[in-house]
Amino acid sequence: MPKDIHLTAADIRSLRTENPNQRIRDFATTHGLSEAAVLDAHIGEGVTPITADLTAALAQVPRFGQVMALTRNEHVVSEVHGEYGEYRAGERAGMILNRPIDMRYFPRHFVRGFAVERHTDDGPRHSLQFFDAAGDAMHKVHLTAASDAEPWADVVEQLRVAAPVGDFEPRRAIEPAKENHDKANRLREQWAAMTDTHQFLGLVDRLKMNRLGAYRVAGAPFVRQLDAGAVLTALEQSAVQEVPVMTFVGNHGCIQIHTGTPQTTKVMGPWFNILDPGFNLHLKTDPIAEVYAVEKPTRRGTALSVEAFDAMGGLILQIFGVRTRDEDFYEGWNHIVRDLPTAAEGL
């Protein structure tokens with residue numbers, strides 16, 4: 001629970017003046033607040049409430065041309081530069097398929113939105129930011145030097161809504177691993193019969209398990225537990241061997257997918273970074289508790305992934321090989337994953 005839940009909007013604004021250059025997320029964490037609560041306190045001071053309806057909001061984003069899409073969870077941040085394509089709404093999920101902007105959205109978790117304009121020494125900074133009911137960030141769109149900022153005022157006016165009313169809800173708890181060893185054989189039988197990776201979550205849900213629980217139960221040949229450092233090794237080797245990968249970073253409201261070959265990797269303290277033109281990844285390595293190499297059968301062959309979880313059972317990120325109609329890099333990716341050390345070897 002937030003430790004400073006009694007803070008008023010005036011209190012928050014006053015505290016912000018003490019360190020105006022501190023990142024809003026860091027300020028919020030320091031004071032036990034959500035990011036959205038901090039923005040809410042600054043409505044009228046460069047912050048405008050906007051609709052969180054993705055069909056309306058994301059229809060405006062292509063007007064800016066090239067932007068930076070940012071999606072994160074507690075342990076990893078993905079920043080992808082590109083142009084947004086058409087938002088395709090679905091009953092439960094929506095998507096944008098316009099690489100490099102490749103997104104999956106779960107709209108029911110998008111509850112509050114803000115247009116944010118900050119003035120810095122380098123000029124104004126503009127962003128559209130979206131949050132869940134607890135005030136945690138689901139997705140952000142940042143304008144960059146390559147963006148067309150001319151439509152900004154009109155976009156904000158088009159999306160403007162009344163200031164939100166009501167308190168933020170408690171943050172949703174991370175679901176721990178749900179294992180069901182009594183159904184291990186059924187899990188393996190149905191796993192082997194899969195024809196698409198998207199069938200997996202429905203399969204494990206019917207067996208009263210979840211992703212991590214199923215990985216712990218299934219065992220070989222479907223799952224191999226890896227050393228905790230295997231994620232870094234996989235990405236570094238993808239760079240060295242020039243093998244493109246798909247990196248999935250998400251939260252319960254949004255998944256951001258980047259496809260490409262890592263070029264520049266750099267470790268800075270507890271952070272592993274990919275610092276490439278058009279793509280940055282910032283992964284905090286300390287929270288990585290479990291890593292798995294996972295094989296899922298599909299109509300086009302086996303999809304092999306490396307997936308990392310924290311100690312609470314939360315999914316941090318997933319890495320897959322790349323296969324398109326024109327190019328197939330599975331062999332290179334499979335070779336990298338086969339050489340990754342198992343958990344026992346890394347102890």
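A cavity is a set of grid points where a 1.4 Å probe fits but cannot get out. The largest cavity in this structure holds about 30 Å³ of space. The model is predicted, and its strands include an open sheet of 9 and an open sheet of 8. The points below treat the enclosed and open spaces, the two sheets with the helices that pack on them, the salt bridges, and some features of the backbone.

**The cavity**

- A search of the whole structure finds 1 cavity of 30 Å³ or more.
- The largest cavity is lined by Leu235, Val245, Thr247, His258, Gly260, Thr261, Pro262, Ile274, Asp276 and Phe279.
- Strand S10 (245-250), strand S11 (254-260) and S13 are the elements that each give two or more residues to this lining.
- By residue class, the lining of the largest cavity divides into 5 nonpolar, 4 polar and 1 charged.

**The second largest pocket**

- The volume of the second largest pocket is about 1,400 Å³.
- Its lining consists of 43 residues, and those nearest the centre of the pocket are Arg23, Ile24, Arg25, Arg118 and His142.
- Of the lining residues of the second largest pocket, 12 are nonpolar, 16 are polar and 15 are charged.

**The sheet of 9 strands**

- The strands of this open sheet follow the order S1-S6-S7-S8-S2-S3-S14-S13-S12, with antiparallel pairing.
- Strand S1 (47-50) and strand S12 (265-268) stand at the edges and have a single partner strand each, so one side of each is left without a neighbour in the sheet.
- From one strand to the next, the twist averages 20°.
- Helix H9 (residues 230-240) packs on the sheet and touches S12, strand S13 (271-276) and strand S14 (279-284). The direction of H9 makes about 25° with that of S13.
- Strand S7 (residues 123-131) and strand S8 (residues 137-147) run antiparallel and are joined by 5 bridges. Within this pairing, phenylalanine 130 has histidine 139 in S8 as its bridge partner.
- S12 and S13 also run antiparallel, joined by 4 bridges. Lysine 266 has asparagine 273 in S13 as its bridge partner.
- The hairpin of S12 and S13 has 2 residues between the strands, and glycine 269 there takes a positive phi near 60°.
- S13 pairs with S14 in the antiparallel sense over 6 bridges. One of the partnerships links aspartate 276 with phenylalanine 279 in S14, and both of these residues line the largest cavity.
- In the hairpin of S13 and S14, which likewise has 2 residues between the strands, glycine 278 takes a positive phi near 85°.

**The sheet of 8 strands**

- This open sheet has the order S4-S5-S11-S10-S17-S16-S15-S9, and its pairing is antiparallel.
- Strand S4 (94-98) and strand S9 (223-226) are the edge strands, and each pairs on one side only.
- On average, neighbouring strands of this sheet are turned by 20° against each other, direction ignored.
- Strand S15 (residues 290-298) pairs with strand S16 (residues 301-309) in the antiparallel sense over 9 bridges. In this pairing, valine 291 stands opposite alanine 308 in S16.
- Helix H6 (residues 184-192) lies across S9 and S15 and runs at about 55° to S15.
- Helix H8 (residues 211-218) packs on the sheet, where it touches S9, S15, S16 and strand S17 (315-321). The direction of H8 makes about 85° with that of S15.

**Salt bridges**

- Side chains of opposite charge can pair when their charged atoms come close.
- The structure has a count of 15 salt bridges.
- One of the salt bridges joins arginine 25 and glutamate 35, with the closest N and O atoms 3.6 Å apart.
- Arginine 25 belongs to helix H2 (residues 24-30) and glutamate 35 to helix H3 (residues 35-41), so the pair ties together parts that are 10 residues apart in sequence.
- Arginine 25 is also among the residues nearest the centre of the second largest pocket.

**Backbone features in loops**

- The peptide bond from arginine 99 to proline 100 is cis, and its omega is near 10°. Proline 100 lies in the loop between S4 and strand S5 (101-105).
- Alanine 220 and proline 221 are joined by a cis peptide bond with an omega of about 5°. The loop between H8 and S9 holds proline 221.
- Lysine 208 has a positive phi of about 60°, although it is not a glycine. This lysine 208 is found in the loop between helix H7 (200-206) and H8.

Notes
Residues are numbered from 1 along each chain as its sequence is written. This is a predicted model: local features need pLDDT of at least 70, side-chain atom pairs count only at pLDDT 80 or more; totals for chains, interfaces and linings use all residues. Side-chain values use heavy atoms; hydrogens and water are left out. On a 1 Å grid over the protein atoms alone, a cavity is a set of points where a 1.4 Å probe fits but cannot get out, and a pocket is an open set with protein on both sides within 12 Å along at least five of seven lines; lining residues have an atom within 4 Å of a point. Grid points are joined across faces, edges and corners, and a volume is the space filled by probe spheres set on the points. Ala, Val, Leu, Ile, Met, Phe, Trp, Tyr, Cys and Pro count as nonpolar, Asp, Glu, Lys and Arg as charged, and the others, Gly among them, as polar. Two strands pair if DSSP finds at least two bridges between them. Axes are lines fitted to C-alpha atoms, for helices over the stretch in contact, and angles run from 0 to 180 degrees between N-to-C directions. Contact means heavy atoms within 4.5 Å. A salt bridge is a side-chain nitrogen of Lys or Arg within 4 Å of a carboxyl oxygen of Asp or Glu.
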